[in-house]
Amino acid sequence: MTDHPTPAEVAGPKRLFIKTYGCQMNVYDSERMADVLRPLGYAPTDTADDADFVILNTCHIREKAAEKVYSELGKIRELRELRIARGGDRMTIAVAGCVAQAEGEEIMLRQPAVDLVVGPQAYHQLPELLARTARARGERIGADFAPNAKFDAMPTGRGGSGVTAFLTVQEGCDKFCTFCVVPYTRGAEWSRPVAAVLEEARSLADRGVREITLLGQNVNAYDGEGADGKRSTLARLAYALGEIPGIDRIRYTTSHPNDMGDDLIAAHGDLDALMPYLHLPVQAGSDRILRLMNRKHGRAKYFEVIDRLRAARPDLALAGDLIVGFPGETDKDFEDTMDLVRRVNYAACFSFMYSPRPGTPAATMAGQVPSEVMKARIQTLQALLTEQHIAFNETQAGRVLPVLFEKPGRFAGQAVGRSPYLQSVHVEGAAHLIGQIVPVHIVSGQQKSLTGRLLSERVAA
Ligand code: SAH
Ligand code: SF4
Ligand code: F3S
């Protein structure tokens with residue numbers, strides 16, 4: 001890299017505000033952008049008002065997600081004008097993430113206040129881009145795909161705090177589901193080498209992290225290079241991570257049913273650190289719609305994978321994603337989705353109304369479903385899913401679950417932690433236990449969380 005400003009040239013402290021939209025991979029990327037900018041004197045702030053540098057890390061998955069960015073940019077432009085009118089320093093505005101990748105320069109035409117557009121594979125170039133922007137405003141660079149360059153150039157140490165952390169191990173998608181923008185915004189599937197993942201995980205463990213969630217658009221397609229030069233599966237990576245002192249819990253998301261390998265299914269039975277919760281989206285319950293979606297699996301395959309997972313780990317809690325109103329979806333197809341949900345019995349499941357995305361094959365398919373029909377279907381589906389979430393949480397009452405305490409609760413002395421099944425657990429008198437995994441007696445389950453009691457101070461100490 002050329003013309004890197006030295007930290008002295010850009011002497012801090014400067015305030016950085018990052019607003020994150022979309023999936024967990026964007027949450028991870030936002031943390032990493034903060035890591036890259038820290039040596040330049042940028043410290044995070046939690047409002048845009050007083051920020052020297054504002055980054056919107058955007059999502060393009062549905063129309064609403066992309067439109068939100070423009071209304072937010074309008075507000076930030078006003079803040080900047082206000083600040084300049086008060087005699088303050090200029091504020092630099094950047095758009096990162098999947099809208100940046102998908103729309104590129106278009107963003108600046110629609111909102112000229114934007115100084116910088118940076119695609120998801122170019123965050124390591126932020127210092128250089130910032131320096132160039134300062135000289136010639138309005139440049140856009142670095143939206144081409146080269147994830148290895150991105151990861152190689154980022155600091156290995158991780159900033160931040162907390163006992164849980166995300167760790168991206170895989171990026172991109174080769175599946176090309178006909179409704180989805182991800183293969184276009186994140187590029188082809190690519191896995192980080194095992195050694196790089198282990199190094200970052202050790203740095204997190206040193207910082208006090210006890211639970212790691214491995215991220216990837218298709219995380220179970222992970223095939224990173226191992227130290228022996230051979231490819232490693234996600235299962236092998238998970239076993240290696242489980243050896244790191246301090247890392248007691250491992251999760252991964254999001255997975256594709258076709259990439260659920262035998263060794264990964266077996267690991268759910270063998271590896272204690274692997275938590276019994278899995279996000280395995282199916283998208284639809286009708287074989288006809290799954291074909292139109294180009295999912296390359298039918299409902300039978302999905303049930304088969306789940307049966308094998310539950311055989312390996314009987315208490316596995318399942319989560320998923322579903323789309324209603326995909327082009328051509330009939331009442332019968334929708335009924336197939338309802339039937340699939342009843343058979344799977346989800347602990348947690350997200351559902352979305354189909355949103356046509358420019359450039360994707362489904363956007364121009366015949367039989368686009370009217371929005372009233374979609375709305376009615378999603379209400380029916382969400383009522384069933386809510387029933388299942390509540391039922392799942394209620395069945396935890398009376399059990400004793402190991403809870404990793406994460407943060408203080410709303411009331412004095414209270415702490416909030418996570419169950420193995422990713423439920424939030426509220427416990428009184430547990431504030432001193434943050435960072436520890438402690439057995440908790442679950443008293444009741446509500447729609448969004450569980451309430452628990454410490455077994456005894458002796459156990460908790
Ligand atoms: N890689 C993951 C998730 C990708 S996006 C996977 O394959 O499961 C997250 C979710 O957004 C998807 O699972 C899907 O349910 C939803 N989604 C993607 N494109 C969509 C669209 N055009 N309209 C509505 N929902 C969509
Ligand atoms: Fe999108 Fe399908 Fe890839 Fe998931 S598997 S990211 S839904 S194209
Ligand atoms: Fe959105 Fe990009 Fe994630 S489109 S869901 S932020 S991969």
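Start by selecting residues 400-408 and 415-418: these are strands E14 and E15, which pair antiparallel over four bridges. Strands here are DSSP runs of E with at least two residues, helices are runs of H or I with at least four, and both are numbered from the N terminus. Two strands count as paired if DSSP finds at least two bridges between them.

Before you go on, some ground rules: this is a predicted model, where local features need pLDDT of at least 70 and side-chain atom pairs count only at pLDDT 80 or more, while totals for chains, interfaces and linings use all residues. Residues are numbered from 1 along each chain as its sequence is written, chains are lettered from A and ligands numbered from 1 in the order in which they are written, and side-chain values use heavy atoms, leaving out hydrogens and water.

**The barrel**

Still on E14 and E15, show side chains: Lys407 stands opposite Val416 in E15, and Pro408 stands opposite Ala415. Six residues lie between the strands of this hairpin, and Gly413 has a positive phi near 85 degrees. Now add residues 437-445, strand E17, which runs antiparallel to E14 and is joined to E14 by five bridges. Pro402 stands opposite Pro439 of E17. Zoom out and you can trace five strands closing into a barrel, E14-E15-E16-E18-E17, with mixed pairing. From one strand to the next the twist averages 55 degrees; angles run from 0 to 180 degrees between N-to-C directions, and axes are lines fitted to C-alpha atoms, for helices over the stretch in contact.

**The open sheet**

Next, jump to the five-strand open sheet, ordered E2-E1-E3-E4-E5 and paired in parallel. Its edge strands are E2 (42-44) and E5 (116-118), each paired on one side only. Here the twist averages 25 degrees from strand to strand. Select E4 (residues 92-96) with E5 and you get three parallel bridges, with Val95 opposite Val117 in E5. Then add helix H2 (residues 63-85), which lies across E1 (14-20), E3 (53-58) and E4, at about 175 degrees to E3. Helix H5 (residues 126-135) also packs on the sheet, touching E2, E3, E4 and E5, and its direction makes about 160 degrees with that of E5. Contact in this tour means heavy atoms within 4.5 Å.

**A helix pair**

Select 262-270 and 299-312: helices H10 and H12 pack at about 35 degrees with axes 7 Å apart. On H10 the contact uses Asp262, Ile265, His268 and Gly269; on H12, Arg308, Leu309 and Ala312.

**The ligands**

Pick ligand 1 and expand the selection: of its 14 surrounding residues, Phe179, Gln217, Gln283, Asp321 and Ser355 come nearest. A residue is near if one of its heavy atoms lies within 4 Å. Which atoms should you label? Try a ligand nitrogen 3.0 Å from a polar backbone atom of Phe179, a ligand oxygen 2.7 Å from a side-chain N or O of Gln283, and a ligand nitrogen 2.8 Å from a polar backbone atom of Ser355. Taken alone, ligand 1 exposes 530 Å², and the protein buries 89% of that (Shrake-Rupley areas with a 1.4 Å probe). Strands E12 (317-324) and E13 (348-353) are the elements giving two or more residues to this shell.

Last stop, ligand 2: the residues around it include Cys173, Cys177, Cys180, His256 and Arg295. Phe179 is also listed around ligand 2.

Notes:
Polar contact = N/O pair within 3.5 Å; in protein donor to acceptor, adjacent residues only side chain to side chain.
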